[in-house]
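Got your viewer open and your mouse ready? Let's take a walk through this model, one selection at a time.

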Amino acid sequence: MNQPIKPLNVLLKGLLLFLLFNLVIAAWQPQVGYASLYNVLYPGRERLPFGENSKQSYNLSLFNLDAMFTSHVIAGTQKADNEFRVIIIGDSSVWGTLLKPEETLVGQLNQINLNTCGKNVRAYNLGYPTISLTKDVMILSYGMQYNPDLIIWMTTLDAFPLEKQTSTPLVANNEKKVRELAANYGLKVEANDSNFEKKSFWKKTFIGDRRSWADILRLQIYGVMWSATGIDQFYPAEYEKAQTELAADESYHGLTAPLNENALALNVLEAGFRVAREIPMILVNEPMLISTGTNSDIRYNFFYPRWAYDEYREMMNTLTRQNNWQYVDLWNVVPANEFTNSAIHLTPAGERLLAENLAPYIFENCK
Amino acid sequence: MALDRILILAATSLLWAAFLRDRGKAWFLLITSVLVIFWLQPTLPIRGFDFWTPIATLVIVILTWYITADNEARSKRKNIIVLAIVSGLVLLLNLTRFLPTGFQFLTASRPPQLETTLLIFLGTGLTLFALSRLTHFSASFLTLGLILTIGLFLLIKIPALSYWLSYSLRAIAGQSLTSVSANDFRWLGFSYVAFRLIHTIRDRQSGRFPSVDLGEYLTYVIFFPAFTAGPIDRLERFIKDLRAPLAGLNLETFYAAGQRLLLGLFKKFVIADTLALIALNDTNATQVTSTFWMWIIVYAYAFQIYFDFSGYTDIALGIALLLGIKLPENFASPYLKPNLTQFWNNWHMTLTQWFRAYFFNPITRWLRSWQKPLSIPMMILLTQVATMLLIGFWHSVTWNFTLWGLWHGLGLFVHNRWNDMTKAKAAAWTTTPTKQTILYISGVLLTFHFVAIGWIFFALSSPTVSWQVILKLFGVQ
């Protein structure tokens, strides 16, 4: 027998169910990032999701590492017996700001068709466009599950200052992951680091955390446009070239000569090598623009005064020798005219040059 | 319309329906509608015009009522009260310019100087006074009203004229002329207002216009749930609901209205806005690299426009239902129709009904009245193409809307002829339910794809890019 519907009851029951759903989500915190249409319906992305203008870049920045990695091509590529898998971590210079996926360092390495120990070298871009060693280690620890044969860690002095380690949003929104790294690999993190975004119970509910849910959904939707166009960042028709006329400013993050090692996150490098375990890892001091313009006797570029950078290079040489880490200093291998909008962003030709300089070190690590 | 505004309007309507019931229903609808046309008007780059365009809407509606109303309706004292209330509301809104920043929440920007508004009042008052002195209302007033309404419509729909208008208004306002654009002058809701005005003028000309006072007429034309996106109701039907007593909000009405409102919100803000991320547009049309994905983004556009538009209709119907007004339906599963004629009978139904009543039928009658009438197929071709071209121009007078109108006009003609030729054969073939289903599904798929390809002209602004997209769809490029 059909009973008449009582709208008020429907409303109350609906509200109750919604409340219950929110409580369950807050208590359970499901790992929804693992569910992805990438590598199933769409091809995986060539680089980790990042984008500030989603409607033009068909990409977006989110903080869910599961969702970020499951959208990446590496998550959907079964490692073949004849594959020599190289993962490259680093900042925007690795990710490839202003570059198409095939123009990045990884793209160029794959185009060279390197072959070593009878295996085909296949590189994967795990760069992410913020500068922080801790961010790099966090991504590396996640990338380890994809069985790399070699890790290349591209870095620069600006990733070292202590205050930059946890302030980058990707790290600040992944406190649990960073704490795990601290517990397992000796990464030093302040117990009361205020950079971390604390999630209250309300923020963990579906309503409170709706932004994250929407971001994951949008990432899936933009997979259509990524597949349809191959575009994953906005390419402006024009951009401002990296600064070569510099201010007569010797300061660097409030530091003065000599460079104070205690103000740099050297411990993160150690943690990174522990994360890599027995997998060979090459630490690379990435190329940067060396200006010849105004005040270039004081500064190399917008980022670095000469004294700080020179001392950093010396320090890295000593540190890597002491720890027996593989280290390659490629700071000056790219001419100034092959930089784009920043002192660390390369043109396609600059990336090609860098790839050619790195190739011999990949061969050296063949097992 | 943004989600927060829809929710505010829905909540206001719900509260009124729940607590005040029938008391002051007509006044509530009138006052809210007047305020809402100011509230929804977007900011315009031409100084003062985001305040004056809603005033212009009110003035045009008042003058149109005056020339269409019968003597009995015109002589009601209530009209004076309505005029006083509407003027008072406009003046109050204008006076918010003297309040601190933040108090102008009902207008797009800080309202302009009071003098201009007072001048508009004076002009309107003098015009009404002059009209009231006329002892005999000639039909030519109605014709003039019709011409002026269509003229205004063309002014905002023809990009070259809109550009000229923006240029002139910027020059008058003493603003920079370097960044003039045809989009400077966005008169919110005027497309639908114009349809309602033309409908009432034509009905007055044919003697079918019901006797309504100024308040009722104003409420009909600017009824806030349907002001921005329709549906286009008919005056005589709307008035019946407006005049009917409202018993108050019972659970059945609340349930039906709420269901419709939620459905509309879901269609618009979940489905349509999600599809908008991947739907065909001027940018991605040239970026897509393969035929398969080109079809996907064309499909996405086809569904986005449907869910967007029908979502807004559901929202309008839901809010109106709370207020005791049962607006007409606008969509009835158009993509599930097996031919183009049925598609157009179920897509934006109130618009197509309007065109049928005020253009297609009169023009067909006129063609038939010729001493040497055209052949039937030629007559169908002319009327279908002309009607669809006009519907295209209603959106904007551009090459792409012309092509879209032609596409559908010719499509309707071809379907009409094909149906004529194959009706008997189709009936003879569809002897079993399976065959009927096959024919129906084939028809639905063919119609949907015809419509989807037509949307390419609708979504894009350039015929060249549209053609490139079509070539890509068929693997030619």
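Start in chain B, where 12 residues of domain 1 are in contact with 11 residues of domain 2. Keep in mind that you are looking at a predicted model. To find the two parts, select 23-243 for domain 1 of chain B and 328-473 for domain 2 of chain B, as the domain assignment gives them. Taken over C-alpha atoms, the centres of domain 1 and domain 2 of chain B are separated by 33 Å.

Now colour helix 9 of chain B, residues 190-205: with five residues, this helix gives the largest share of the side of domain 1 that touches domain 2. Colour that side of domain 1 of chain B by class and you get six nonpolar, three polar and three charged residues.

Stay in chain B and pick two helices, helix 2 (residues 25-40) and helix 10 (residues 214-222). How do their axes cross? They come within 9 Å and cross at roughly 50 degrees, which makes helix 2 of chain B oblique to helix 10 of chain B. The crossing of these two helices of chain B is left-handed.

Show the side chains next. From helix 2 of chain B, the contact uses Ala26(B), Leu29(B), Leu30(B), Ser33(B) and Ile37(B). Helix 10 of chain B answers with Gly215(B), Leu218(B), Thr219(B) and Ile222(B). In this contact between helix 2 and helix 10 of chain B, six residues are nonpolar, three are polar and none is charged.

Time to bring in the other chain. Here 12 residues of chain A are in contact with 13 residues of chain B. Which elements of chain A give two or more residues to this side? Select helix 1 (7-28) and helix 10 (210-229) of chain A. Helix 10 of chain A gives the largest share, eight residues. By class, the side of chain A that touches chain B has eight nonpolar, three polar and one charged.

Last stop: the sheet in chain A. Six strands make an open sheet with mixed pairing, in the order 2-3-1-4-5-6. Click on strand 2 (115-116) and strand 6 (326-329) of chain A: they stand at the edges with a single partner strand each, so one side of each has no neighbour in the sheet. Strand 6 of chain A pairs with strand 5 (residues 281-285) of chain A in the parallel sense, over four bridges. Zoom in on Leu283(A), and you'll find its bridge partner, Tyr327(A), in strand 6 of chain A.

Finally, add helix 5 of chain A (residues 105-112), which packs on the sheet and touches strand 1 (83-90) and strand 3 (119-127) of chain A. The direction of helix 5 makes about 170 degrees with that of strand 3 of chain A.

Note on methods:
Residues are numbered from 1 along each chain as its sequence is written. Chains are lettered from A and ligands numbered from 1 in the order in which they are written. This is a predicted model: local features need pLDDT of at least 70, side-chain atom pairs count only at pLDDT 80 or more; totals for chains, interfaces and linings use all residues. Two residues are in contact if their C-beta atoms, placed from the backbone, lie within 7 Å. Ala, Val, Leu, Ile, Met, Phe, Trp, Tyr, Cys and Pro count as nonpolar, Asp, Glu, Lys and Arg as charged, and the others, Gly among them, as polar. Axes are lines fitted to C-alpha atoms, for helices over the stretch in contact, and angles run from 0 to 180 degrees between N-to-C directions. Angles under 35 degrees count as roughly parallel, over 145 as roughly antiparallel, 65 to 115 as roughly perpendicular and the rest as oblique. A crossing is left-handed if the near helix is turned anticlockwise from the far one by less than a right angle, and right-handed if clockwise. Domain bounds come from an automatic or database domain assignment. Two strands pair if DSSP finds at least two bridges between them.
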